[in-house]
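Dear colleague,

I am passing on the structure below, and my notes on it follow. Please read them with the model open beside you.

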Amino acid sequence: MTVMETTPASTRTDADRTKVDDCASAPSAHPLPDGQDRYTISEVVAFTGLTAHTLRWYERIGLMPDVDRSHTGQRRYSNRDLDWLAFVGKLRLTGMPVAHMVRYAELIRLGEQTFEERRELLESTRRDVLNRMAELQDTLGVLDHKINFYAGAHQASERN
């Protein structure tokens, strides 16, 4: 079991879909169809680019708790786990601290009563991303100015 809602997508109503935090921005193609999705840790490493150490660490810190296990104790990941890992990857790209990601995962496990706190956490992260984007736009402007300066200086030296 993962930190996400466990109701199969095919049995959800439209009302359910508005309440469930599927964690992925859009459905992605999975290597195996639902129901046959029992990936080993090495397969997940290949699909996601994460290391086995990172996957185990995510599990230890509560970012990805309750990963299914085979009868021999080997981890078995599902398509929902892959979706969650893709979402966590997006959160990492935002610069969200791991502690906030773990808190978000905890809030999901606590249920619908945490929607407001989850939204606030994501809005705060969104504000941080917008601020970083503005800083990067400013930096890009400085780089463009310097590039144009050097291009102009090079052309002037060729004329002389």
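To begin with one residue, R103 is partly exposed, with a relative accessible area of 31% (partly exposed lies between buried, under 20%, and exposed, over 50%, with a 1.4 Å probe and protein chains only). Its partner in a salt bridge is E117, the closest N and O atoms being 3.0 Å apart, where a salt bridge is a side-chain nitrogen of Lys or Arg within 4 Å of a carboxyl oxygen of Asp or Glu. The pair links helix α6 (residues 115-159), which holds E117, to helix α5 (residues 98-110), which holds R103, across 14 residues; helices (H or I, at least four residues) and strands (E, at least two) are DSSP runs numbered from the N terminus.

This is a predicted model, in which local features need pLDDT of at least 70 and side-chain atom pairs count only at pLDDT 80 or more, while totals for chains, interfaces and linings use all residues. Residues are numbered from 1 along each chain as its sequence is written, and side-chain values use heavy atoms, with hydrogens and water left out.

The count of salt bridges comes to seven. One of them joins R75 and E59 (2.5 Å, N to O), with R75 in strand β2 (residues 75-76) and E59 in helix α3, 16 residues apart, and both residues are buried. Another pairs R38 with D68 at 3.6 Å, N to O; R38 lies in the loop between α1 (14-19) and α2 and D68 in strand β1 (residues 68-69), so the bridge ties together parts 30 residues apart in sequence.

Overall, the protein has six helices and two strands, and buried residues make up 30% of its 160 residues.

Best wishes
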